[in-house]
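Work through the following exercises with the sequence and the coordinates open beside you. Each task is followed by a solution that proceeds step by step.

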Amino acid sequence: MEWFENEALWVDFSDVLFSAGRAEEARARVASSPLLRVPAGSAVLDLGCGPGAYAIPLAERGAEVTGVDLSAALLERAETGASDAGVELRLVRADMREFAEPDRFDLAISMYTSFGLFADHDENMRVLRNVLASLKPGGRLLIDLYGKEILARDGGLPKIIDIEGGTLIVRGTILGDWERFRDDFILVRGDRARTAFVEHTLYSAFELKTMLVEAGFTDVECFGGFDAEPFDNHARRLIVRGSRGPVAS
Ligand SMILES: C[S@@+](CC[C@H](N)C(=O)[O-])C[C@H]1O[C@@H](n2cnc3c(N)ncnc32)[C@H](O)[C@@H]1O
């Protein structure tokens, strides 16, 4: 079994990985970020949508959102969250390596390091090609992740975090020659401890940009945060955007 197929991870660690605070942060970004601005009625694909932190506020702003995820438990959370918010999401349980719906979407998003999950480079490239085919001409892809430069500057030290009813210990490990990153979690509640881990490929801005170009995206550019600030030494996220041919103005 691959790590992301472990439903226990998404169920047991759901409130840690997808806290109310994170959902609020996503909602604020959708409200203010020029990178996430879409006209009402736009068809948006949220690839690896999880519990819908971005899908739900995008739908609230009038987008027609398709959320794709492999985890049945997280899709269920997305469904409940959407119905609580009074919006509809089209939710599809699929593997992003297989999902493609030609010429359908104006915008595709991959948020919170949902890209680069596969150890095999070709599989990550396949995801990009699927997205390109799924965009309408002029449609855009936006990838947000924890980039290599940011990890080298800020990351690495183990963290002990107080959470409601317990303690979370997080320890990151760089794998290979800065090829992949693994985060191990230990969650202690009362006398019970649970462990889990997530893993992803580590990309520099240049590496990710090169992959988008190789997959056939045009106008590929990087940003260092959701205000579309440059990807420089102050960057907080690695955000890469590319389009399928010229963007309609
Ligand atoms: C780090 S979470 C991010 C979730 C969401 N984008 C967010 O911002 O909260 C990564 C997501 O990718 C999903 N995922 C992992 N492997 C997948 C695959 N092969 N195909 C589709 N989704 C996958 C997980 O179930 C999880 O929801």
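**Exercise 1: Ser 14**

Ser 14 has a relative accessibility of 8%, and since buried means under 20%, the residue counts as buried. The model from which this value is computed is a predicted one.

Task: Determine where Ser 14 is placed, and find which side chain makes a polar contact with the side chain of Ser 14.

Solution: Begin with the secondary structure, where the place of Ser 14 turns out to be in helix 2. Then examine the side chain of Ser 14, which makes a polar contact of 2.3 Å with the side chain of Arg 77.

**Exercise 2: the ligand and its surroundings**

Task: Describe how many residues surround the ligand, which polar atoms lie opposite its nitrogen atoms, and what percentage of its area the protein buries.

Solution: First collect the shell, which holds 20 residues, the closest being Arg 22, Gly 48, Asp 69, Met 96 and Met 111. Sorting the shell by residue class gives 13 nonpolar, four polar and three charged residues.

Next, look at the nitrogen atoms of the ligand. A polar backbone atom of Met 96 is 2.9 Å from a ligand nitrogen, while a backbone N or O atom of Leu 70 lies 3.3 Å from a ligand nitrogen. From the side chain of Ser 114, an N or O atom is 3.3 Å from a nitrogen atom of the ligand. Finally, turn to the area: the ligand taken alone exposes 600 Å², of which the protein buries 96%.

**Exercise 3: aromatic pairs**

Task: Establish how many aromatic pairs the whole structure contains, and explain why the pair of Phe 4 and Phe 118 ties together parts that are apart in sequence.

Solution: A search of the whole structure yields eight aromatic pairs. One of them joins Phe 4 to Phe 118, with 5.2 Å from centre to centre and 85 degrees between the planes, an edge-to-face arrangement. Phe 4 belongs to the segment before helix 1 (7-12), whereas Phe 118 belongs to the loop between strand 4 (105-110) and helix 6 (121-134), so the pair ties together parts 114 residues apart in sequence. Both Phe 4 and Phe 118 are buried.

The pair of Phe 18 and Tyr 112 is likewise edge-to-face, at 6.5 Å centre to centre and with 70 degrees between the planes. Phe 18 sits in the loop between helix 2 (14-17) and helix 3 (20-32), and Tyr 112 in the loop between strand 4 and helix 6, so that this pair links parts of the chain 94 residues apart. Phe 18 has a relative accessible area of 11% and is therefore buried, whereas Tyr 112, at 35%, counts as partly exposed.

As a last step, place these rings in a wider group: Phe 4, Phe 18, Tyr 112 and Phe 118 form one aromatic cluster together with Trp 3 and Trp 10. Arg 22 lies over the face of Tyr 112, at 3.3 Å from the ring centre.

**Exercise 4: contacts across the sequence**

Task: For Trp 3 and Val 240, decide whether each is buried or exposed, and state what separates their C-alpha atoms from those of Ala 196 and Cys 222, respectively.

Solution: Trp 3, in the segment before helix 1, is buried with a relative accessible area of 11%. Its C-alpha atom is 8.9 Å from that of Ala 196, although the two residues are 193 apart in sequence. Val 240 is found in strand 11 (residues 238-243) and is buried, with a relative accessible area of 0%. Between the C-alpha atoms of Val 240 and Cys 222, which are 18 residues apart along the chain, the separation is 4.4 Å.

Technical notes:
Residues numbered from 1 in each chain as written. Predicted model: local features only at pLDDT ≥ 70, side-chain atom pairs only at ≥ 80, totals over all residues. Heavy atoms only, no water. Near = heavy atom within 4 Å. Polar contact = N/O pair within 3.5 Å; in protein donor to acceptor, adjacent residues only side chain to side chain. Areas by Shrake-Rupley, 256 points an atom, 1.4 Å probe, with all protein chains shown as cover. Nonpolar A, V, L, I, M, F, W, Y, C, P; charged D, E, K, R; others polar. Phe/Tyr/Trp six-rings, centres within 6.5 Å; stacked < 30°, edge-to-face > 60°. Helix = DSSP H or I, 4+ residues; strand = E, 2+ residues; numbered from the N terminus. Buried < 20%, exposed > 50% of the residue type's maximum accessible area, 1.4 Å probe, protein only. Lys NZ or Arg CZ within 6 Å of the ring centre and 35° of its normal.
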